[in-house]
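Open the model in your viewer and keep the selection tool at hand. This tour goes stop by stop.

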Amino acid sequence: MSYEEVRGYFKKQGLEDRIQVLNESTATVALAAEALHINPASIAKTLSFMVGGKPILVVMEGSARVDNHLYREFFHVKAKMMTYAQLQEYVGHEPGGVCPFAVNEGVDIFLDESLKKHATVYPACGSDNTVIKLTLEELKKYSGFKEWVHVTKESAE
C-alpha cells in the first residue's frame with residue numbers, strides 16, 4: 001500500500017512518471033544499484049530510528065554507514081533502529097521500500113551530509129522494487145526534511 005501513497009504524492013507534484021517500477025528487487029542498496037546499473041553510493045537509503053519515543057528517518061548515501069559517535073552527538077541518544085512493527089505503525093512503509101515521501105504524520109526527516117556529493121540520487125518509492133531519480137534539490141524539496149545532519153562514515157568498500 002505505501003507505494004500507492006508515494007505514487008499519489010508524486011502525482012500531485014507532477015512527477016509520477018519518473019517513478020521506476022522494476023522487475024528486480026531494490027530492497028537493499030546492492031540490489032538497487034545492480035538493478036539500475038549505478039554506483040551504490042548514488043542510492044539514497046533511508047534508515048528509521050526511534051529517538052525519545054519519536055520516529056525519525058535519516059536519508060544517506062548508499063555506501064555510508066551510521067557512525068554511532070556522530071549519531072549520539074547529534075541526537076543525544078544511542079542509534080536504535082525501528083522494529084518491523086514500529087516501522088509500519090510510525091512511518092507507514094515496509095523494509096525495502098522505506099523512503100522520505102508520503103510518511104505518516106509526526107516523522108521527522110533528516111538528510112545526511114553524505115548526500116551532498118551527488119548531483120542526483122535514487123531513493124525508494126514505498127516498495128521493494130520502486131525508485132525515483134531526483135536531483136539533490138528535488139530530494140530536499142520533496143522529502144520535507146527538517147535539517148541536514150552529519151551522522152555517517154563512509155563504507156570501507
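**Stop 1: H76.** Select H76. Its relative accessible area is 65%, above the 50% cut-off, so H76 is exposed. The residue sits in the loop between α3 (68–75) and α4 (84–91). Check the backbone too: phi is positive, about 65°, although H76 is not a glycine. Bear in mind that this is a predicted model.

**Stop 2: H37.** Next, pick H37, in the loop between α2 and β2. Here is another non-glycine residue with a positive phi, of about 60°. Is H37 buried or exposed? With a relative accessibility of 73%, H37 counts as exposed.

**Stop 3: the whole chain.** Zoom out and colour by secondary structure. The protein chain holds 5 helices and 10 strands. Along the principal axes, its C-alpha atoms fill a box of roughly 40 × 35 × 25 Å. For 157 residues, a compact globule would have a radius of gyration near 15 Å; the chain has 14 Å, which agrees.

Switch to a surface view. The accessible surface is about 8000 Å², and carbon and sulfur atoms own 49% of it. Of the 157 residues, 50% count as buried.

Now colour by charge. There are 17 positive and 21 negative side chains. The centres of the two sets lie 4 Å apart.

A contact map is useful here. Take the contacts with a separation of 6 or more: 63% of them link residues 24 or more positions apart.

**Stop 4: the open sheet.** Select β8, β6, β2, β3, β5 and β9, in that order. These 6 strands form an open sheet with mixed pairing. Strands of a sheet pair through backbone hydrogen bonds, either parallel or antiparallel.

Which strands stand at the edges? They are β8 (134–135) and β9 (147–149). Each has a single partner strand, so one side of each is left without a neighbour in the sheet.

**Stop 5: the β2–β3 hairpin.** Select residues 43–51 for β2 and 54–61 for β3. The two strands run antiparallel and are joined by 8 bridges. Start at the turn. The hairpin has 2 residues between its strands, and G52 takes a positive phi near 60°. V51 stands opposite K54 of β3. Then move along the pair to A44, which stands opposite E61.

How many residues of β3 are buried? The count is 7 of 8, so the strand is mostly covered.

**Stop 6: from β3 to β5.** Add residues 108–112, which make up β5. β3 and β5 pair in the parallel sense over 4 bridges. Show V58 and F110 as sticks: F110 in β5 is the bridge partner of V58.

**Stop 7: across β2 to β6 and β8.** Return to A44. In β6, its bridge partner is P123. β2 and β6 are paired in the parallel sense, over 2 bridges. Step on to β8. The pairing of β6 with β8 is antiparallel, again over 2 bridges. V121 stands opposite L134 in β8.

**Stop 8: A119.** Select A119, in the loop between β5 and β6 (120–123). The residue counts as exposed, at 62% relative accessibility. Which residues does A119 contact, leaving aside neighbours within four places in sequence? They are L134, T135 and L136. Draw a C-alpha distance from A119 to E137: 8.5 Å, across 18 residues of sequence.

**Stop 9: T26.** Finish with T26, in the loop between β1 (19–21) and α2 (29–36). This loop residue is buried, with a relative accessible area of 6%. Show its surroundings, leaving aside neighbours within four places in sequence. Among its contacts are L31, A32 and A35. G96 is also in contact with T26. So are S127, D128, N129, T130 and V131. Add one last distance, from T26 to G97. Their C-alpha atoms are separated by 8.0 Å, while the residues are 71 apart along the chain.

Conventions:
Residues numbered from 1 in each chain as written. Predicted model: local features only at pLDDT ≥ 70, side-chain atom pairs only at ≥ 80, totals over all residues. Heavy atoms only, no water. Rg over C-alpha atoms; globule rule 2.2 N^0.38 Å. Buried < 20%, exposed > 50% of the residue type's maximum accessible area, 1.4 Å probe, protein only. Contact = heavy atoms within 4.5 Å. Areas by Shrake-Rupley, 256 points an atom, 1.4 Å probe, with all protein chains shown as cover. Lys, Arg positive; Asp, Glu negative; His and termini not counted. Charge placed at Lys NZ, Arg CZ, Asp CG, Glu CD. Pairing = 2+ DSSP bridges.
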